Amino acid sequence: MSLLKGFKVIALILAIGLLFSGCGESRHLKDLVIAEGMGIDSADSSEKIEITVQTLNIGINSGYESQQGNMTINTQKKADSITNGINNLSKSLSKRLFSVRIN
């Protein structure tokens, strides 16, 4: 009897673990702005840097027939550091910026 009870407890713990380990951090592509390229340049003043991000324009690239015009958007921001520049870029875009992690 105690072996069956132990098996039930283990099965319950595994079931609860699987239930709460879902895709809570998942995001849909339609909710993201995908960064295709990123450039870091020195700005006009020596203390600032200019960060440029090239993103894919999903609205234009939705089908084969509608692939006309510019399919990318370039966004630029000046900042004191790379981290501040990327944060400023993220705030200025309409959706969340999706790029490779640097750290």
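Thr83 and Lys91 are exposed, on the other side of helix α2 from its buried residues. Those buried residues of α2, which spans residues 82-92, are Gly85, Ile86 and Leu89. Looking down the axis of α2, the buried set falls within an arc of 95 degrees, so these residues line one face of the helix. The general geometry fits this picture: an α-helix has 3.6 residues a turn, so residues three or four places apart point the same way. What the buried residues of α2 pack against is a trio of strands, namely β1 (32-42), β2 (49-56) and β3 (72-79). All of this is read from a predicted model.

Stepping back to the whole chain, the protein has 2 helices and 4 strands. Starting at the N terminus, they come in the order α-β-β-β-α-β. Of the 103 residues, 18% count as buried. The chain exposes about 8400 Å², with carbon and sulfur atoms supplying 57% of that area. As for how the chain folds back on itself, take the contacts between residues at least 6 apart in sequence: 41% of them join residues at least 24 apart.

The strands make up an open sheet of 4, in the order β3-β2-β1-β4 and with mixed pairing. β3 and β4 (96-98) sit at the edges with a single partner strand each, so one side of each has no neighbour in the sheet. On average, neighbouring strands here are turned by 40 degrees against each other, direction ignored. Helix α2 packs on this sheet and touches β1, β2, β3 and β4, and its direction makes about 130 degrees with that of β3.

Now for the pairing itself. In general, strands of a sheet pair through backbone hydrogen bonds, either parallel or antiparallel. Here β1 and β2 run antiparallel and are joined by 7 bridges. Within that pair, Ala35 has Thr55 of β2 as its bridge partner, while Asp41 stands opposite Glu50 in β2. On to the next pair: β2 and β3 are also linked in the antiparallel sense, over 8 bridges. There, Ile49 has Ala79 in β3 as its bridge partner.

Strand β2 deserves a second look. Of its 8 residues, 7 are buried, so β2 is largely enclosed by the rest of the structure. Thr52 is a handy example from this strand. With a relative accessibility of 15%, Thr52 counts as buried, because the cut-off for that label is under 20%. And what does Thr52 contact, once its neighbours within four places in sequence are left aside? The list is Gly37, Met38, Gly39, Asn74, Thr75 and Gln76. Gly37, Met38 and Gly39 fall in the 32-42 range of β1, and Asn74, Thr75 and Gln76 in the 72-79 range of β3.

That leaves helix α1, which covers residues 2-20. The 19 residues of α1 reach 27 Å from the first C-alpha to the last, close to the 27 Å expected at 1.5 Å a residue. How many of those 19 residues are buried? The count is 0, and α1 is hardly covered. Helix α2, in contrast, has Gly85, Ile86 and Leu89 buried.

How values were computed. Residues numbered from 1 in each chain as written. Predicted model: local features only at pLDDT ≥ 70, side-chain atom pairs only at ≥ 80, totals over all residues. Heavy atoms only, no water. Buried < 20%, exposed > 50% of the residue type's maximum accessible area, 1.4 Å probe, protein only. Contact = heavy atoms within 4.5 Å. Areas by Shrake-Rupley, 256 points an atom, 1.4 Å probe, with all protein chains shown as cover. Arc of directions from axis to C-beta. Pairing = 2+ DSSP bridges. Axes fitted to C-alpha atoms, helices over the stretch in contact; angles between N-to-C directions. Expected span 1.5 Å × (residues − 1).
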